[in-house]
Amino acid sequence: MATEPESFLVDFPTLAHVQDPWVRAHCSVPDGFDQGQPFVMSDDQFWCTANHYQVRKSAKWQPRRPMKSQAFVYRRSLIVGPQKSGKGPWSATIVAVEAVGPSLFAGWAQKGDGYSCADWGCGCGFEHEYEPGEPMGMPHPTPLIQLTATSEDQVDNVYRPLRSMIKMGPLAELMLIREDFIRLPGEDNRIDVVTAAANSRLGNPITFALHDENGLYLKSNKLLKVAQTQRRGAAGMDGRTMATTNCWDASENSDAQQTWESSAKDVFKFWRQPPKSLSWGNKRDRRKILQEVYSSSPWVTIPTIEAEVDEYMERDPAEAERFFGNRVTTGMGAWLEDDLWEKAYANAS
């Protein structure tokens with residue numbers, strides 16, 4: 001688990017070294033002036049990809065029954081980031097990898113080994129040569145994927161850029177967009193959308209689930225149970241899950257909060273937190289906070305975000321701090337100052 005790395009040095013075995021060039025070759029920027037250009041991960045995005053797909057050094061290649069989730073260090077991941085930091089488009093690339101890309105461990109490379117899309121039914125011509133000793137990747141033979149969000153509009157944070165990536169590149173050869181799902185190669189392989197209002201597929205076996213904005217998954221809207229059920233479904237298929245979210249309201253006990261506070265060692269957690277010494281209510285400090293949390297989002301213009309925040313501050317400063325300052329708050333304002341509960345508990349014991 002890590003809130004923020006001291007450096008972004010990836011000195012551990014991971015499939016991200018083949019996934020990164022695969023994403024650039026297959027996934028494109030979904031909108032803006034760079035629309036259609038290869039999708040290039042930011043430092044934060046690559047770090048999270050590298051960790052989610054970190055391979056155990058003890059993983060063994062078993063040709064007749066390849067290792068799935070057990071080949072990886074982490075069973076699932078939670079990534080916490082502010083509004084407009086690119087969580088949706090990046091998540092779309094992860095879904096594409098899980099659908100038709102090198103998402104599973106395929107042994108350790110020897111000199112001359114490589115990944116070729118032609119071996120997996122894709123005619124784009126992509127090839128990648130591994131370094132000796134690197135973990136190799138392969139597509140899942142029967143991917144069953146669910147994208148989960150609170151509503152149809154919310155799930156579009158990931159589904160819309162994914163559809164754009166499919167339409168604008170070689171993914172269209174393997175991923176077919178239908179009215180309410182995406183068809184993948186194979187008889188029953190697909191990507192489905194699950195929301196609080198449309199969860200008829202809940203309980204189906206899945207190989208991967210993406211939980212978008214799980215800071216809004218609560219007991220009251222039944223999405224807490226949805227996420228838990230999906231994780232059980234993934235476990236039954238030896239699959240894994242990932243969640244991305246803004247910071248949560250500490251009074252709601254959301255799925256994101258429960259995950260963050262969990263002591264499980266096989267959950268990767270990333271949260272770029274600004275220094276506690278900086279005050280959100282101080283305009284100068286607020287700019288420093290924004291510069292810190294968006295430091296790995298070069299597409300974000302700080303003055304534009306700052307203007308949006310200033311307007312938010314008039315009606316809901318706590319929400320502004322959660323959404324843009326990447327800090328946990330409570331309701332319309334913090335009812336306890338930072339660390340007050342922890343200090344009281346420590347003194348009582």
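How many of the six residues of β6 are buried? In this predicted model, the count is six of the six, so β6 is largely enclosed by the rest of the structure. A residue is called buried here when its relative accessible area is under 20%. The side chains split neatly by direction: Leu144, Gln146 and Thr148 point one way from the strand, while Ile145, Leu147 and Ala149 point the other way, and all of them are buried.

The neighbours of β6 come next. The strand belongs to an open sheet of eight strands, and reading across gives the order β7-β8-β9-β6-β10-β11-β1-β12, with mixed pairing. At the edges sit β7 and β12 (267-271), each of which pairs on one side only. On one flank, β6 (residues 144-149) runs parallel to β9 (residues 190-195), and six bridges join the two. Within that pairing, Ile145 stands opposite Ile191 in β9, and Thr148 faces Val194 of β9 in the same way, standing opposite it. There is also a parallel pairing with β10 (residues 208-212), this one over four bridges. Here Gln146 is the residue standing opposite Ala209 in β10.

Turning to charges, the structure holds 13 salt bridges. One of them links Arg272 to Asp44, with the closest N and O atoms 2.7 Å apart. Arg272 lies in the loop between β12 and α7 (283-293), whereas Asp44 is in helix α2 (residues 43-52), so this pair ties together parts that are 228 residues apart in sequence. Both ends of the contact are out of the way of solvent by the cut-off used here: Arg272 is buried because its relative accessible area is 7%, and Asp44 is buried because its value is 12%. The pair also belongs to something wider, as salt bridges that share partners join Asp44, Arg272 and Glu292 into one network.

A second salt bridge brings together the side chains of Asp310 and Arg286, at 3.2 Å from N to O. Asp310 is part of helix α8 (residues 302-315) and Arg286 is part of helix α7, so the contact ties together parts that are 24 residues apart in sequence. The two partners do not fall in one accessibility class: Asp310 is partly exposed, with a relative accessible area of 27%, whereas Arg286 counts as buried at 7%. A further example is the salt bridge between Arg327 and Glu321, where the closest N and O atoms are 3.3 Å apart. Both Arg327 and Glu321 are buried.

Not every acidic side chain is tucked away like that. Glu152, Asp153, Glu179 and Asp180 form a negative patch on the surface. Among these, Glu179 is placed in the loop between β7 (176-177) and β8 (181-183). Its relative accessibility is 82%, so Glu179 counts as exposed, given that the cut-off for that class is over 50%.

One glycine rounds out the picture. Gly107 is found in strand β2 (residues 104-108). With a relative accessibility of 2%, Gly107 counts as buried. From C-alpha to C-alpha, Gly107 and Leu15 are 11 Å apart in space, although 92 residues separate them in sequence.

Conventions:
Residues numbered from 1 in each chain as written. Predicted model: local features only at pLDDT ≥ 70, side-chain atom pairs only at ≥ 80, totals over all residues. Heavy atoms only, no water. Patch = residues over 30% accessible without salt bridge, like charges linked within 9 Å, V, L, I, M, F, W, Y side chains within 5 Å. Areas by Shrake-Rupley, 256 points an atom, 1.4 Å probe, with all protein chains shown as cover. Salt bridge = Lys/Arg side-chain N within 4 Å of Asp/Glu carboxyl O. Lys, Arg positive; Asp, Glu negative; His and termini not counted. Charge placed at Lys NZ, Arg CZ, Asp CG, Glu CD. Buried < 20%, exposed > 50% of the residue type's maximum accessible area, 1.4 Å probe, protein only. Pairing = 2+ DSSP bridges.
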